[in-house]
Amino acid sequence: MAEPTKPSILVTIGKGTGVEHESETAAKLFQMAFPDREVVTEPSPGVGYAITWHPPLGLLAQCENLQAIFSLGAGVDHVLRDPDLPDVPLVRFVDPTLTSRMVEWVVWQVFNHQRRAAQYAQLQHEGTWKELTSPPAEDLAIGIMGFGKLGQAAAKALLPFGFKINAWSRSGRTMDGVTAYDAEGLDAFLAATNIAVSLLPATAETKGIINTDLIGKLKKRGPLGGPVVLNAGRGDSQVSADIDAALRDGRLGGASLDVFETEPLPADNPLWTAPNCIITPHAAAVTDPRALAMYIRRQVDAVEAGKELENVVDRGRGY
Ligand SMILES: NC(=O)c1ccc[n+]([C@@H]2O[C@H](COP(=O)([O-])OP(=O)(O)OC[C@H]3O[C@@H](n4cnc5c(N)ncnc54)[C@H](OP(=O)(O)O)[C@@H]3O)[C@@H](O)[C@H]2O)c1
């Protein structure tokens, strides 16, 4: 007797992302990870699993036998914006390859500000030999906003250098050597923080949280002059105009931003030229396609063997 056909896999990278053409390319990659089943780019009744980034609204609802949705990245805000999203488990990408890239970005940016990279680059450009003061790690408090997989990994990497680490999360999650604050403790967390690092997901609650009010509550007189803000979580959690204004009038001493409300960051956005503002193009932790394919393969194998899916998103919380 012929074996029953295995559920097929839909790969859909939505319109408006600028990478729509990648659905076909990505489908070829996932076909290598799933040689025993069909990988398609259009919805059909045979589709059992969807792998997606910004799915076109309503598209996944057309797959009546869908069993799970896999996000191409750690965030899922781009999937949850679909009001007709089928009520099946939504799985985000959690993998050491992604975590280590984010840790690199955070450590890189902390040192950029601690060791005055932008100012030294300017002095070199001018051909000026001049030593700048740079506080030791022990004198700086790094405050990590969002203490999940990425925030905790960043803390583990920064602790051995001697930085003081504060962490703020909804539940007040903690770790040895870290001062933890819960949702109610935001003001105290900010007052104790020189460099705020946002690794928050985009949800209704985090929208626009990095704004004038929050900047005003950061520790004012620190060893870097003004406080510094880093954001590699999501652009929707910052108000770029507020960050720009604070950099220009000195309420902020610096910023490193990987994410923006509008991406790509428009050429006329003033942040491009704001003082001591380092911009990276949503490149802090790009998904490794091969690691993602293996991750989804493992999950599909597990679920078809009757095991639980991992890293399923809580839709009520939005992350
Ligand atoms: N720039 C890039 O290249 C890039 C790459 C990958 C990921 N990201 C972003 O990084 C985000 C974090 O990833 P992750 O894997 O660390 O996520 P995670 O494990 O789900 O952690 C999220 C953290 O944020 C906290 N949080 C959520 N809403 C909050 C709120 N309203 N108030 C206070 N804390 C809140 C959570 O608190 P609890 O611990 O109490 O639940 C948790 O500690 C992703 O959602 C994605 O947007 C960006």
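Q: Of the 319 residues of the protein, what percentage count as buried?
A: This is a predicted model, in which local features need pLDDT of at least 70, side-chain atom pairs count only at pLDDT 80 or more, and totals for chains, interfaces and linings use all residues. Residues are numbered from 1 along each chain as its sequence is written. A residue is called buried if 20 or more other C-beta atoms, placed from the backbone, lie within 10 Å of its own, exposed if 12 or fewer do, and partly exposed in between. By that count, the buried share of the 319 residues is 39%.

Q: How many helices and strands are there in the protein?
A: Both are DSSP runs numbered from the N terminus: helices are H or I with at least four residues, strands are E with at least two. The count comes to nine helices and twelve strands.

Q: Does helix 4 lie largely in the open or is it buried, and why?
A: Helix 4 covers residues 117–126, and Gly 127 follows it with a positive phi near 70°. Of the ten residues in helix 4, the number buried is zero, so this helix lies largely in the open.

Q: How far apart do the C-alpha centres of domain 1 and domain 2 lie?
A: The bounds come from an automatic or database domain assignment. Domain 1 is 8–95 + 288–304, and domain 2 is 97–279. Their C-alpha centres are separated by 32 Å.

Q: How many residues does the contact take from domain 1 and from domain 2?
A: Two residues are in contact if their C-beta atoms, placed from the backbone, lie within 7 Å. Between these two domains, the contact takes eight residues from domain 1 and seven residues from domain 2.

Q: Where does the ligand shell lie relative to the domains, and why?
A: A residue is near the ligand if its C-beta atom, placed from the backbone, lies within 6 Å of it. There are 33 residues around the ligand, and Gly 75, Gly 146, Gly 148, Ser 171 and Pro 201 come nearest. Domain 1 and domain 2 both give residues to the shell, so it lies between them.

Q: Which helix gives the most to the shell around the ligand?
A: The elements that give two or more residues are helix 3 (96–114) and helix 5 (149–158). With three residues, the one that gives the most is helix 5.

Q: How many nonpolar residues does the shell around the ligand have?
A: Here Ala, Val, Leu, Ile, Met, Phe, Trp, Tyr, Cys and Pro count as nonpolar, Asp, Glu, Lys and Arg as charged, and the others, Gly among them, as polar. The shell has eleven polar and six charged residues, and its nonpolar residues number 16.
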